[in-house]
Amino acid sequence: MNTLVLWDIDRTLVDAGPVGVDWYRAALRAATGLDLARTPPFGGRTERWITLELLALHDLAPTEELVARLHVELVAAAGREHARLPELGRALPGARAAVEALARRDDVVQSLVTGNLPEIARFKLAAFDLDRHLDLEVGGYGQLSEHRPELVLEAVRLATAKHAREFRAAVVGDTPHDVEAALRHGAVAVGVATGRSSAEELREAGAHTVLADLSDTAAVLAAVLDRPSP
C-alpha cells in the first residue's frame, strides 16, 4: 500500500523562532494601518483561523477581501525576512534524516499538512534544506480553511490525482490539532512532543504513536508505515 506522509512544519520539522508574530505585526500594519495589540494562539492552527481571530481581536470585519489582503502582506513580510531564518531557527533533531529516509522508498510520497500559507511553507523548509524531498504541489495549506481536517482531505485528493494511485495517509505533527485532523479522515496520527503539547496530551488526543522527537529514524519510519491495530 502506498503511503502519503503529511508533515506539519512548525515545531515538528523546524523551529523557525519568533518570526510569526513579527510577520503578522508587519502585515497588519500594511493591510490596515493598525498596530498589533493582541495575538491569538498559533500552535496547530491554520493561517485562515489565525487571521480570522486576529481581525476579530482588532475589531475588524473579517471580509474575504481583508483576509486576502492580510495574507498578501504576510507573504511579503516573510519574503523580506526569510533569509534570516537559518540564524533565527533550526531544523529539529532527526528531521532531515527522517525525510531523506522516506524519500528513498518508492511506496512513499511526502508532502505537508500545515497551517502556513504555501509561500511561507516553502520559505521555512528551504531555509533548512528540507524542501527537496517533499511534493509541495499536493500539500494542504492554511489558506484553505480554518478547519485543519479539511487540509488532510485536500492533500489526499491532490496526491491521488497527481500520482494516479491510492494512498494511506499518515499525519505527523506536534499538537492535538494535528492528531484530530488525521483521525477525522482515518489517517495514521503520529504525535511528536517537540512543541508545546506534552507526550501525554498527544496520547490523550488519540495519536497512534507518540515520539519524543524525530531523532530515531527507524522509529519514525515504523510509526508512519506500520498499519496501527484497529
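This note sets out numbered points on the pocket, the cores, two helices and three individual residues of a predicted model.

1. **The largest pocket.** The space in the largest pocket amounts to about 610 Å³. Its lining is made up of 35 residues, and those that lie nearest the centre are Asp-10, Arg-11, Phe-42, Gly-43 and Lys-124. Five elements give two or more residues to this lining, namely β2 (14-15), α1 (19-32), α2 (47-57), α6 (118-127) and α8 (176-184). The largest share, five residues, is that of α1.

2. **Chemical character of the lining.** How many residues of the lining are nonpolar, polar and charged? The lining of the largest pocket holds 13 nonpolar, 11 polar and 11 charged residues.

3. **The largest nonpolar core.** As background, nonpolar side chains tend to be buried together in soluble globular proteins. In this model, the largest nonpolar core has 53 residues. The members that touch the most other members are Trp-7, Leu-13, Trp-23, Leu-70, Leu-112, Leu-125 and Leu-214. Helix α3, which covers residues 64-81, gives the most to this core, with seven residues.

4. **A second core.** Separate from the largest core is another one of 20 residues. Among its members are Ala-159, Val-179, Ala-181 and Leu-202.

5. **Leu-112 and its contacts.** Leu-112 is one of the core members that touch the most others. When residues up to four places away in sequence are not counted, Leu-112 touches Leu-6, Trp-7, Ile-9, Ala-121, Leu-125, Leu-134, Leu-136, Gly-139, Gly-140, Tyr-141 and Ala-155. Two residues in that list, Trp-7 and Leu-125, also appear among the core members that touch the most others.

6. **Helix α5.** Which residues of helix α5 (residues 95-103) are buried? They are Ala-95, Ala-98, Val-99, Ala-101 and Leu-102. Seen down the helix axis, the buried residues of α5 fall within an arc of 165°, so they line one face of the helix. These buried residues pack against β1 (2-7), β4 (108-112) and α10 (217-225).

7. **Ala-218 in α10.** Ala-218 belongs to helix α10. Is Ala-218 buried or exposed? Its relative accessible area is 58%, and because a residue over 50% is classed as exposed, Ala-218 counts as exposed. Ala-218 and Ala-98 are 120 residues apart along the chain, yet 8.3 Å separates their C-alpha atoms. Ala-98 itself is among the buried residues of α5.

8. **Helix α2.** The buried residues of α2 are Glu-47, Arg-48, Ile-50, Thr-51, Leu-52, Leu-54 and Leu-55. The elements that cover them include α1, α3 and α6. Helix α2 also gives two or more residues to the lining of the largest pocket.

9. **Asp-59.** Just after α2, Asp-59 has a positive phi of about 60°, in a residue other than glycine. Asp-59 is placed in the loop between α2 and α3. With a relative accessible area of 74%, Asp-59 is exposed.

10. **Asp-129.** A positive phi also occurs at Asp-129, where the value is near 55° and the residue is again other than glycine. Asp-129 is placed in the loop between α6 and α7 (148-163). Asp-129 has a relative accessibility of 34% and counts as partly exposed, because that class lies between the buried limit of under 20% and the exposed limit of over 50%.

Conventions. Residues are numbered from 1 along each chain as its sequence is written. This is a predicted model: local features need pLDDT of at least 70, side-chain atom pairs count only at pLDDT 80 or more; totals for chains, interfaces and linings use all residues. Side-chain values use heavy atoms; hydrogens and water are left out. On a 1 Å grid over the protein atoms alone, a cavity is a set of points where a 1.4 Å probe fits but cannot get out, and a pocket is an open set with protein on both sides within 12 Å along at least five of seven lines; lining residues have an atom within 4 Å of a point. Grid points are joined across faces, edges and corners, and a volume is the space filled by probe spheres set on the points. Helices (H or I, at least four residues) and strands (E, at least two) are DSSP runs, numbered from the N terminus. Ala, Val, Leu, Ile, Met, Phe, Trp, Tyr, Cys and Pro count as nonpolar, Asp, Glu, Lys and Arg as charged, and the others, Gly among them, as polar. A nonpolar core is a set of buried Ala, Val, Leu, Ile, Met, Phe, Trp, Tyr and Cys residues joined through side-chain atoms within 4.5 Å. Buried means under 20% relative accessible area, exposed over 50%, partly exposed in between (1.4 Å probe, protein chains only). Contact means heavy atoms within 4.5 Å. The arc is that of the directions from the helix axis to the C-beta atoms.
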